[in-house]
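Some notes for a colleague who is about to work with these coordinates. The points go from one helix to the ligand surroundings, the interface and single residues.

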Amino acid sequence: MRVRAQMAMVMNLDKCIGCSTCSVTCKQTWTNRDGVEYAWFNNVETKPGIGYPQRWEDQGRWKGGWTVDGSGRLRLRAGGRLRKLATIFANPDLPSLDDYYEPATYDFDTLLTAPAADRMPVARPLSAITGRPMAIEWGPNWDDDLGGSALYAATDPNLAGLTDQVQRSFETTFMFHLPRLCEHCLNPACVAACPSGALYKRERDGIVLVNQDKCRGWRMCVSACPYKKVYINRVTAKAEKCTFCFPRIEAGLPTVCAETCVGRLRYLGLVLYDLDRVEAAAAAPEAELVDAQRQVFLDPSDPAVIAQAAADGIPPDWLAAAQASPVYALALRHRVALPLHPEYRTLPMVWYIPPLSPVLDATTALGGDNTSADDVFHAVTELRIPLGYLASLFTAGDTGLVAGVLMKLAAVRAHMRAVTTGAGAPDDPAAAGATGPELEALYRLLAVAKMRDRYVVPPAHKEEAAELAAWASGCPLDRAPLAVA
Amino acid sequence: MSVVLFGVWPYIALAVCVVGHVWRWRSDQFGWTSRTSELMEKRWLALGSPLFHFGALFVILGHAVGLLVPASATAALGIPETVYHTLALVIGLIAGIVFFAGAVILGLRRYVTKARFRLITRPADAAMYAILLVVALAGLSATVGLNIVGDGYDYRETVSVWFRSIFTLQPDVDALAAAPWIFQVHAVGAFALIAIWPFTRLVHVWSIPLGYLVRPPIVYHAPRP
Ligand code: SF4
Ligand code: SF4
């Protein structure tokens, strides 16, 4: 057992209103610069939908993440090291700018300088790259709120496994928002694909960064990341990615996207994991993936883990933070959060609580009472539409796992309704595999948790300030020469 | 004139190259990159870039053999002059044409296809393309004009002798002066390329990531909390 700490995030999708505040504040902080106009370290997609870049989940096309070969060994889907070097002159798996979108601004100047005339002056769209007039034909959330869904969402790769009838009815059935950022994976494909060794995972908190001084622009990380969360800066020709706001995390502050989230749906916390279990979990058979990925984590209250954590240099305040971690509570204690596309085998560290609202809507549509756990349970098991779809996002197709989570969320509602109204006996929580107090704890975490409960971020230790400063070149904004000795 | 161009210029170029590299390496790790533009355009690149790069590899290899291995050495190995000549000509010509075709495709791509490119083309790189084009054209036309259309010319008796003499610090200016002018253009231009090298994207040549083949897949930065 080798104990390591990882900063991780959980998002409660039921609460996301798709306002994109997180994307905008992230952009203002990190990518408000020449060269990364098109890059959104955090973006919010509508699901079903094709996302950004277009159809990023189609790994048959982009070849991101890992696969297991015939002998059970883990390999990058796009091929081994020799193939990487062979395709270094032209990478067939790399998205081009048109797969993201051509960023635009408007000719606002015309509005101010146009001479008096009978007609209102018009601000034409200008390419943010060339400055020339352009027609805007795509954007990072073009199909927002199912806009044009017959054209776009119908080609969502997650719908591929579902039947025609299911596909046709999705529009009237459900919709939700999926905020995405770099997953700061335990088994990062981007790191493994970098020929220069410029990408690295910090052992202290698991944040994955690009050393800007070592990146040589080979762009293998961009195609290797199955979540398409590494971007090439078009001006510097180097890779840039979400930094998990490490300067804030080191100061004990939440990431910008989490702090500014309007829905208060993000949770930040430490999880402890066993480095020795990572590889086996990543190579687990498809049906066991979620369980295997859960088993990588260690219980921070287990005395054996505590002893080993101390031996591995994890300070007591960090251990305490791991014990108070809302991420551990949601993903592992209550098991309501699931990884996004575990079948990519990168062991992503941003987990999601699947949305119950599509099921509640469907329950009502079926003529049921959506406050009754029984009716919701019934809808959950009857409805193949949301379940199959959610399973393809969060459990590599295992509908049972998703159903279990949704039932637990429904049980929280029913239980709390019974408790607060005092009306009738509470439903039997055991049906959802939980006790009453557990459901109440879950309710507090999901519904009323204050900032200090949602973000448990232990600050970095002052005595390592010099060491941290020496890593400064991991910051994409740092252009100072000779930053690293 | 030939003393300056064939006797002095190579040393200036080499000195600029070495000092330039040291300066660039020490002061500009952040700018040290292949300057990939694949994000902006993929289709032309998919054809042009492999042709250009693989062509360049063989061109460089061919030059190394042709310039560094004296005629006496191949003769001593028992390789008849005619066999060597034909082989060098055929392989060199194929590599040269592949390389040149790649360069033309990449050039068209950059200056003709999309307006997106011109913006990311830096002046030093544009100058480098111009020099590269002149050197490559001179080299190709020397091969085609003198050895295929013409009656043949053995550069190993003049150009190669001059090239090796540079490194023995006794530049044989007369050897190159005796060669046809097209070779002189090729040689002087090549040293211009060497001189400008450290200030252009060509530095990425030194970063061929062979270390990747042996390092562990996941890179960790060790310090823990
Ligand atoms: S999600 Fe982040 S850590 Fe994971 S492979 Fe992509 S860029 Fe790397
Ligand atoms: S700020 Fe919060 S609610 Fe708004 S889109 Fe982002 S995650 Fe969703």
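1. Helix 1 of chain B. In this predicted model, helix 1 of chain B covers residues 2-27, which is 26 residues. From its first C-alpha to its last the helix reaches 36 Å, close to the 38 Å expected at 1.5 Å a residue. The helix nevertheless has a kink of about 40° at Val8(B), shortly before the proline Pro10(B).

2. Packing of that helix. Which residues of helix 1 of chain B are buried? They are Phe6(B), Gly7(B), Pro10(B), Ala13(B), Cys17(B), Gly20(B), His21(B) and Arg24(B). An α-helix has 3.6 residues a turn, so residues three or four places apart point the same way. The partners of these buried residues in chain B are helix 6 (159-167), helix 7 (173-177) and helix 8 (181-196). Pro10(B) thus appears twice in this account: as the proline shortly after the kink and among the buried residues.

3. Chain B overall. The chain has eight helices and one strand, and from the N terminus on the order is α-α-α-α-α-α-α-α-β. Its C-alpha trace spans about 65 × 40 × 40 Å along the principal axes. Of its 225 residues, 44% count as buried. Among contacts in chain B with a separation of 6 or more, 81% are between residues 24 or more positions apart.

4. Ligand 2. The ligand is surrounded by 14 residues, and the closest are Cys16(A), Cys19(A), Ser20(A), Cys22(A) and Cys261(A). Sorted by class, this shell has nine nonpolar, four polar and one charged residues. Note that cysteine is put in the nonpolar class here.

5. Ser20(A). One of the closest residues to ligand 2, Ser20(A) has a phi near 65°, a positive value in a residue other than glycine. Most residues other than glycine have a negative phi, and most peptide bonds are trans. Ser20(A) sits in the loop between strand 1 and helix 1 (21-30) of chain A. Is Ser20(A) buried or exposed? Its relative accessible area is 15%, so it counts as buried, the limit being under 20%.

6. Ligand 1. The residues around ligand 1 include the cysteines Cys182(A), Cys185(A), Cys190(A) and Cys225(A). Also in the shell are Glu183(A), His184(A), Pro188(A), Ala189(A), Val208(A), Tyr227(A), Val230(A) and Lys241(A). By class the shell has nine nonpolar, one polar and two charged residues.

7. The interface. Contacts between the chains involve 65 residues of chain A and 46 residues of chain B. About 4,900 Å² is buried between chain A and chain B, 61% of it on carbon and sulfur atoms. Arg81(A), Phe89(A) and Arg216(A) supply 17% of the area that chain A buries against chain B, more than any other three residues.

8. Backbone geometry worth checking. Two cis peptide bonds precede prolines in chain A: Lys47(A) to Pro48(A), with omega near 0°, and Tyr52(A) to Pro53(A), with omega about -5°. Pro48(A) lies in the loop between strand 2 (43-47) and helix 2 (59-62) of chain A, and Pro53(A) is likewise in the loop between strand 2 and helix 2. Ala396(A) has a positive phi, near 55°, and is placed in the loop between helix 18 (384-394) and helix 19 of chain A.

9. Helix 20 of chain A. The 13 residues of this helix (436-448) should span 18 Å at 1.5 Å a residue, and the end C-alpha atoms are 17 Å apart, so the two values agree. Its buried residues are Gly436(A), Leu439(A), Leu442(A), Leu445(A) and Leu446(A). Their cover includes strand 1 (3-12), strand 12 (266-274), helix 15 (326-333), strand 15 (350-353) and helix 19 (399-421) of chain A.

10. Two buried residues of chain A. Trp318(A) lies in helix 14 (residues 316-323) and is buried, with a relative accessible area of 2%. Val456(A) is 138 residues from Trp318(A) in sequence and 9.9 Å from it in space, C-alpha to C-alpha. Val290(A), in helix 12 (residues 289-294), counts as buried at 2% relative accessibility. Leaving aside neighbours within four places in sequence, Val290(A) is in contact with Leu338(A), Pro339(A), Pro342(A), Phe394(A), Thr395(A) and Leu401(A).

Notes. Residues numbered from 1 in each chain as written. Chains lettered and ligands numbered in written order. Predicted model: local features only at pLDDT ≥ 70, side-chain atom pairs only at ≥ 80, totals over all residues. Heavy atoms only, no water. Helix = DSSP H or I, 4+ residues; strand = E, 2+ residues; numbered from the N terminus. Expected span 1.5 Å × (residues − 1). Bend = angle between axes of the 7 residues up to and from the residue. Buried < 20%, exposed > 50% of the residue type's maximum accessible area, 1.4 Å probe, protein only. Contact = heavy atoms within 4.5 Å. Near = heavy atom within 4 Å. Buried area = accessible area lost by both parts, 1.4 Å probe.
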